[in-house]
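Here is a short report on one model. It is written to be read with the structure open.

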Amino acid sequence: MTDTLTTAPADAPGGPPTVPAWKRAPIAPILGIFVVLCALLTPFALFVPAHLMGDAASAHMRGIESTVTAFSLASVPVAALVWAVTIYSIIGWRHRGSEPPAEEAPPLRGNTVVQVVWLVLSSVLCLFLLIWGLAVLRPTPSAASAGQPLMVEVTGQQWTWSFGYPDNGNATADRLVLPVNQPVQFRVTSKDVIHSFWIVQMGVKVDANPGETTLASVTPDRIGTFDIRCAELCGLYHAYMQTTVQVVSADQFASWVQAQPRATS
Amino acid sequence: MVDTAVAETAIGREPRRRVPRLNVLTGVVCGLILAGAGWGVSSWLLSAGDYGADRVVSITMVCWAVGFLVGVGALAGPIRWLLGRDLSVADEHVLAGKDQGVGRYFRFTTDHKVVGVQYLVLSMTLFGVGGLLAMLIRTQLIRPGARFVSPQTYNTIVGMHGIIMIIGTIIMVSGPFGNFILPIMIGARDMAFPRLNALSFWLICAAVPVLLATFFFGGIPTGWSVYAPLSDQAPAGMDCFLITIIIFAISSGIAGVNITTTAVKMRARGMTWTRTPIFVFGTVSSVALGVIAFPMFMAAMVLEGLNRTTGTVFYDAAHGGSAWLYAHLFWLMGHPEVYVILLPAFAAVLELTPVFARKPLFSFLGAVTGIAGIIGLSMFVWAHHMFISGWAPALDGPFMLTTELISIPTGLLILVLLGTLWRGTVWMRLPVMATFAMLWNFIIGGITGIYLSDVPVDQAMHGSMFVTAHFHFTLMGGALTGFAGALAYWFPKMTGRMLDERLGMIGFWIIQIGFNVTFLGMFAVGLAGQPRRVADYPSLFATGNLVSSIGAYIIGSGALIYLYAVVHSWRHGRRAPGNPWGAKTLEWQVPTPVPLENFTVLPVVTSDFYGYGEGGSAAPTPAPRRIAAPVPSGAAATTQEGGTA
Amino acid sequence: MRAFVGVAGTLLGGAVAVALAGTVLAHATTAPHQLRAQVSGTASTPQGELPHAFLELDTWPDSMAGEHGPSGGSHPDWVSYGPASSLSVPAHSLVTVTIRQYDTGGELNNDFFGTVRGTVDGTATVDGRAVTQVDPTEVGHTFTIHAIPSSQDPLFVSVPLPAVADDAPVLDNGYPAPHVITFSFITGGPGSYVWQCEYPCGDGTYANFGGPMSAQGYMEGTLTVG
């Protein structure tokens with residue numbers, strides 16, 4: 001069934017055999033564009049996404065930022081290659097006129113080497129991404145063995161978050177206050193529709209599902225005020241379903257949690 | 001034409017009874033009458049209780065749709081068959097719009113070329129409405145604290161923009177070009193099921209008013225993904241929405257079966273699969289995927305309709321249901337659906353690139369493998385939308401793997417495009433601009449998709465503007481750009497006139513520039529942590545949103561210029577020759593305007609259609625030297641023309 | 001020239017269409033008028049001497065006594081706040097809110113909102129009696145203010161409004177004798193906030209949070225500090 005296909009690569013000329021391939025007309029300028037693009041894109045990939053993501057407030061978020069940077073760097077040559085050929089084809093192979101150009105271009109119907117190399121390279125890149133992702137995903141043993149985490153109950157209700165500290169006399173609050181360098185486990189649930197509990201600078205995000213309790217954990221390692229937002233459209237005031245998390249010293253936390261109202265039940 | 005024999009016996013019996021010549025006006029009148037009747041009866045019988053309003057609205061909307069279809073004449077054939085009088089050949093000609101002038105575009109017309117043009121106008125209308133809503137979204141977000149519309153209205157606008165664009169992009173290529181071009185391209189006289197073809201179009205026409213009615217019944221607070229249980233809580237606008245989805249799923253199922261059957265069974269003699277143009281592969285795999293995917297959404301919406309009108313609790317965890325059930329059903333449709341949108345547009349670009357590069361498609365087999373790989377994998381990636389739903393972490397790895405794997409076949413398609421351009425003589429006309437723009441945009445869309453496939457990164461990016469920017473880069477930068485190219489490419493064949501290149505170019509590139517400005521700004525605020533679908537945001541995100549809004553207005557201006565170019569050229573454009581691009585596929589070998597049954601003598605295909613630069617067959621209609629020789633298809637089509645001469 | 005006119009006309013037409021649709025949609029749900037807090041004198045607060053502003057609100061078991069007019073608008077049976085849902089208070093002030101609560105009620109779905117939060121001293125007065133929390137099974141509504149943080153001063157105030165007993169005496173206006181709840185909070189700098197009810201009172205909808213609970217002008221509104 002592949003009568004034309006199997007014969008076509010054999011017909012495709014590999015160019016005049018006397019000149020080395022990389023010195024032929026299209027290759028050298030494309031390489032040039034490729035190098036220029038790489039030079040432009042590499043600093044972009046190194047600095048821009050991580051800068052936009054802001055200062056992380058947990059080791060987990062730093063891992064995410066380095067993943068983004070690594071993926072950006074890995075995709076620089078891919079994008080540069082595709083764009084180099086694209087840009088060169090606009091400049092170097094253009095034909096203007098109101099009539100179709102003569103069919104003088106080499107009728108390439110595929111090139112087994114190119115296709116195999118392309119497939120292998122994209123598979124290797126894919127494998128790299130997968131292994132990297134699984135490695136970052138794997139829970140770090142230090143977090144697991146760092147002792148009893150602070151338990152925080154997170155409740156989403158249209159359109160506010162409320163927090164409970166069952167280990168601290170059932171204190172409740174409308175914003176989150178956490179002690180620094182203390183592992184925290186969030187038990188997240190919803191009273192009505194699906195919300196998504198997102199601490200932006202800590203890379204914590206888990207849905208708050210009605211009738212289910214989902215878990216997330218993090219160890220905040222920087223003192224400051226960070227943002228909690230709802231990341232799942234939950235109705236009228238979804239945009240306003242935001243509050244803050246304040247990371248403070250252990251002493252400050254203890255005195256703060258003491259001052260909070262207790263749960264009524 | 002299958003039932004010609006039956007029809008001819010019918011002719012003998014009742015020669016003068018013709019099918020009624022109904023049109024869109026009778027459809028609207030009939031629909032309104034039936035909707036009024038449905039509203040009256042259901043208000044009388046069913047309006048009490050918590051579910052009353054939902055029952056009344058649902059019944060009214062269904063009655064409108066049925067009434068509209070009856071009034072437009074969709075059921076003329078089946079009704080006559082039930083009465084024992086099948087359609088005669090003369091009836092079929094009336095249905096096909098023979099000698100009916102412009103009026104046939106406003107009727108239940110079975111000619112695939114009419115249906116194609118109808119789809120084109122419909123999808124461009126939907127883009128107009130969806131784009132208008134996009135402008136309103138960006139106006140709301142132009143600065144923090146802007147209370148241009150209320151959050152309630154804003155949520156509805158976001159959801160309506162989403163679904164209108166989704167419907168518009170799903171039909172934008174396989175509708176106009178899959179109907180108008182594909183049958184000619186494969187050497188057929190019409191679709192396999194012409195009446196179903198018209199039905200699929202008019203079903204969408206019935207659904208669009210229902211969708212727009214959402215605005216008048218409280219809107220939808222849910223976005224187009226209508227996550228349960230928020231949808232259980234929504235006002236009656238949700239009933240309009242879900243009935244729209246049910247009708248649209250029926251329509252896309254009918255269209256999918258029809259296009260698939262046509263391509264599988266009706267290709268010209270000698271058109272083996274390896275000689276079938278790549279556009280046919282892209283369209284057929286897309287619509288066939290839609291046939292599998294859309295019933296999921298339809299089922300989810302039927303369950304939701306039961307929740308809303310009879311008090312079932314399918315998605316209500318407090319009563320034993322599960323909100324995750326909905327999420328799975330939705331994404332089982334939702335992720336294949338993006339490939340339903342993307343593949344025909346990508347295939348159209350694959351189809352037109354060889355024409356303008358004057359080279360064969362680089363690795364036809366690679367392109368087919370790429371499409372097949374995407375189709376195969378697309379059914380196994382849906383749950384990457386649920387990485388943070390709180391599900392079993394053991395599932396993260398497998399779905400991360402499948403999602404990342406899909407970049408391999410997609411990369412293969414990119415290679416085919418690059419290889420086709422490689423050392424070509426690229427004729428710089430408007431259609432091929434889509435190739436360049438797509439190569440730029442789609443790389444950005446693809447790479448950012450890889451970030452999202454990574455579970456830890458998704459914990460930071462899920463539900464943020466980053467996701468919004470990513471899928472706009474694939475669906476708009478990739479698919480919609482491909483549509484703009486395909487429209488410019490097939491415009492001469494469909495309308496008989498050339499698309500104004502100067503205005504088209506200006507509009508096209510303004511869209512592309514505005515597009516990149518808009519969504520690069522959106523990537524920035526997404527990385528910084530702005531959630532999606534918010535009516536307001538902290539001033540921290542002010543700059544990125546301002547940039548996005550300005551970019552959106554640029555897109556809007558470019559789109560209007562492109563629209564003007566299309567409309568103006570359609571009416572006053574330069575008359576197009578039969579084959580202005582010197583292309584080799586069959587649709588360019590028939591005269592323009594295309595006669596009612598396309599071919600007087602069906603063509604015989606002896607090679608594939610990408611033989612540019614092979615054997616000096618430069619002229620699009622060379623004189624046939626021998627019929628069965630392995631020369632490019634131009635000769636094959638000429639066989640047919642020789643037959644008519 | 002002709003193309004230029006055509007393009008300009010199309011662009012103009014598009015702009016007009018967007019403006020028209022925007023205007024229609026922007027006025028689809030706008031509250032008819034804004035209720036401004038009346039400033040009267042100053043008050044000494046933990047944050048020093050601040051202007052003292054007063055707001056008076058009602059919660060009705062239907063929509064026929066508030067901003068939707070005597071006919072109740074399109075949903076006369078929906079519960080509602082009155083007299084307006086679009087509120088405005090001065091910045092850097094002590095705001096004293098008085099709410100007459102005319103509605104019956106039941107149990108909160110989140111006890112969190114049974115506690116008075118974010119007011120001066122963490123207290124409110126119910127019919128003249130100071131409380132810090134009310135019985136979470138006997139709540140009629142709540143008045144809960146919250147907002148987008150990180151670009152304006154945080155403001156979170158939540159006060160439960162106890163339910164009127166089912167057998168309460170009926171007044172001349174046809175409603176039961178109300179509870180009167182008074183509380184004060186201190187505003188920061190200017191900003192846009194929202195307020196809402198957190199008692200699930202959208203009867204007949206999922207989680208009782210649809211209907212009046214999901215529509216501005218009933219149990220939700222905006223609060224502008226400025």
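This is a predicted model. Start with a turn in chain C. D127(C) sits in the loop between strand 7 (124–126) and strand 8 (129–131) of chain C. Its phi is positive, about 50°, although D127(C) is not a glycine. Is D127(C) buried or exposed, or something in between? A residue counts as buried with 20 or more other C-beta atoms within 10 Å, and as exposed with 12 or fewer. D127(C) has 13 C-beta neighbours inside 10 Å, so it counts as partly exposed.

H92(C) also has a positive phi, near 45°, and is a residue other than glycine. Look for H92(C) in the loop between strand 5 (86–89) and strand 6 (94–101) of chain C. With 15 C-beta neighbours inside 10 Å, H92(C) is partly exposed.

**Chain C as a whole**

Chain C has one helix and 13 strands. The helix comes at the start of the pattern, and strands follow along the sequence. The C-alpha atoms fill a box of roughly 80 × 45 × 35 Å along the principal axes. Of the 226 residues of chain C, 45% count as buried. Contacts reach across the sequence: among those between residues at least 6 apart, 67% join residues at least 24 apart.

**Where chain C meets chain A**

The contact takes in 24 residues of chain C and 23 residues of chain A. Which elements give two or more residues to the chain C side? They are strand 9 (139–146) and strand 12 (191–196) of chain C. By class, the chain C side has ten nonpolar, ten polar and four charged residues.

**Two domains in chain A**

The domain assignment splits chain A into domain 1 (3–95 + 112–137) and domain 2 (148–259). Domain 1 is thus given as two segments. The C-alpha centres of the two domains of chain A lie 41 Å apart. Nine residues of domain 1 are in contact with eleven residues of domain 2. The domain 1 side of this contact has five nonpolar, three polar and one charged residues.

**A five-stranded sheet in chain A**

Chain A holds an open sheet of five strands in the order 4-3-2-6-9, with mixed pairing. Strand 4 (171–173) and strand 9 (214–218) of chain A stand at the edges. Each has a single partner strand, so one side of each is left without a neighbour in the sheet. From one strand to the next, the twist averages 25°.

Strands of a sheet pair through backbone hydrogen bonds, either parallel or antiparallel. How do strand 3 (residues 160–165) and strand 4 of chain A run, parallel or antiparallel? They run antiparallel, joined by three bridges. Within this pair, G164(A) stands opposite T172(A) in strand 4 of chain A.

**Cis peptide bonds**

Two cis bonds are listed here with their omega values.

| Peptide bond | Omega |
|---|---|
| Q158(A) to W159(A) | near -5° |
| T592(B) to P593(B) | near -5° |

Where does W159(A) lie? W159(A) is in the loop between strand 2 (150–157) and strand 3 of chain A. P593(B) is in the loop between helix 21 (542–572) and helix 22 (633–644) of chain B.

Conventions: Residues numbered from 1 in each chain as written. Chains lettered and ligands numbered in written order. Predicted model: local features only at pLDDT ≥ 70, side-chain atom pairs only at ≥ 80, totals over all residues. Pairing = 2+ DSSP bridges. Helix = DSSP H or I, 4+ residues; strand = E, 2+ residues; numbered from the N terminus. Axes fitted to C-alpha atoms, helices over the stretch in contact; angles between N-to-C directions. Contact = placed C-beta atoms within 7 Å. Nonpolar A, V, L, I, M, F, W, Y, C, P; charged D, E, K, R; others polar. Domains from an automatic or database assignment.
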